[in-house]
Amino acid sequence: MVKFIQCIRKKPEISLQEFRLFWKSYQAKAAELARSVNAVGLTFSTTLAVDENLQVMLVRGTSEPYDGIVEFRVSNAPRMMEKLETAPAREIWKEFREMQNEHIDLENSAFFFASEEVALRR
């Protein structure tokens, strides 16, 4: 399985509460986009505001966690990119990117294709 993963950091001037409101509309637009490119799956993860995250950062010396993660599951990367050029997907993709430009710190976020290997599933 191929995934298109977005590891997202909010813009610094956006509060956590504002980001959470934005995240709901971003999820809806991502779902629209996923349908338009025939994605076979879509998941969202939101970082928890828990002390354990701070402990992990301090103990391991890592940077702050991403604010959210989006994973589109697709058959292959080139086919997804081709679908983004079709009329139905193009407008949704444009709106999606506008949302990103407005709310996401793109310079400190990461977007990439990856191959999934399931090691354990219960």
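Start by selecting Ser 36, which is buried, with a relative accessible area of 16%. You are looking at a predicted model, and this residue sits in helix H1. Show the side chain of Ser 36 and find its polar atom: the backbone oxygen of Leu 33 lies 2.8 Å away from that atom. Now display what surrounds Ser 36. Leaving out residues up to four places away in sequence, Ser 36 touches Lys 83, Ala 89 and Ile 92.

**Next stop: the sheet**

Switch to a cartoon view and look for the four strands, which form an open sheet in the order E2-E3-E1-E4 with antiparallel pairing. At the edges you will find strand E2 (41–46) and E4, each of which pairs on one side only. From one strand to the next, the twist averages 15°. As background, strands of a sheet pair through backbone hydrogen bonds, either parallel or antiparallel.

Colour E1 and E4 to bring out their pairing: these strands run antiparallel and are joined by six bridges. To see a bridge up close, select Ile 5 and then its partner in E4, Phe 112.

**The helices against the sheet**

Bring helix H1 back into view. Which strands does H1 lie across? They are E1, E2 and E3, and H1 runs at about 170° to E2. Then turn to H3, which lies across E1, E3 and E4 and runs at about 135° to E4.

**Into the core**

Select Ile 8, Tyr 26, Leu 33, Phe 72 and Phe 96 together. These are the residues with the most contacts inside the largest nonpolar core, a group of 22 residues. At least two residues of this core come from each of strand E1 (2–8), helix H1 (16–36), strand E3 (68–74), helix H3 (77–84) and helix H4 (87–103). H1 gives the most, with seven residues.

Keep Phe 96 selected and show its surroundings. Apart from its neighbours within four places in sequence, Phe 96 is in contact with Gln 6, Tyr 26, Lys 29, Ala 30, Leu 33 and Phe 72.

**Following the charges**

Side chains of opposite charge can pair when their charged atoms come close. How many salt bridges are there in this model? The count comes to five, and three of your next selections show examples.

Begin with Lys 29, one of the contacts of Phe 96. Its side chain meets that of Glu 32 in a salt bridge, 3.1 Å from N to O. Both residues lie in helix H1, three residues apart, about one turn of the helix. Is each partner buried or exposed? Lys 29 counts as buried at 13% relative accessibility, while Glu 32 is partly exposed, with a relative accessible area of 31%.

Now select Lys 3 and Glu 71, whose closest N and O atoms are 2.5 Å apart in a salt bridge. This pair links distant parts of the chain, with Lys 3 in strand E1 and Glu 71 in strand E3, 68 residues apart. Both Lys 3 and Glu 71 are buried.

For the last selection, add Arg 73 and Glu 116, which form a salt bridge with their closest N and O atoms 3.3 Å apart. Arg 73 lies in strand E3 and Glu 116 in the segment after strand E4 (110–115), so this pair ties together parts that are 43 residues apart in sequence. Glu 116 is partly exposed, with a relative accessible area of 22%. Keep these last two pairs on screen: Lys 3, Glu 71, Arg 73 and Glu 116 are linked in a network of salt bridges.

Definitions and conventions. Residues are numbered from 1 along each chain as its sequence is written. This is a predicted model: local features need pLDDT of at least 70, side-chain atom pairs count only at pLDDT 80 or more; totals for chains, interfaces and linings use all residues. Side-chain values use heavy atoms; hydrogens and water are left out. A nonpolar core is a set of buried Ala, Val, Leu, Ile, Met, Phe, Trp, Tyr and Cys residues joined through side-chain atoms within 4.5 Å. Buried means under 20% relative accessible area, exposed over 50%, partly exposed in between (1.4 Å probe, protein chains only). Contact means heavy atoms within 4.5 Å. A salt bridge is a side-chain nitrogen of Lys or Arg within 4 Å of a carboxyl oxygen of Asp or Glu. A polar contact is a pair of N or O atoms within 3.5 Å; within protein, one must be able to donate a hydrogen and the other to accept it, and residues adjacent in sequence count only if both atoms are side-chain atoms. Two strands pair if DSSP finds at least two bridges between them. Axes are lines fitted to C-alpha atoms, for helices over the stretch in contact, and angles run from 0 to 180 degrees between N-to-C directions.
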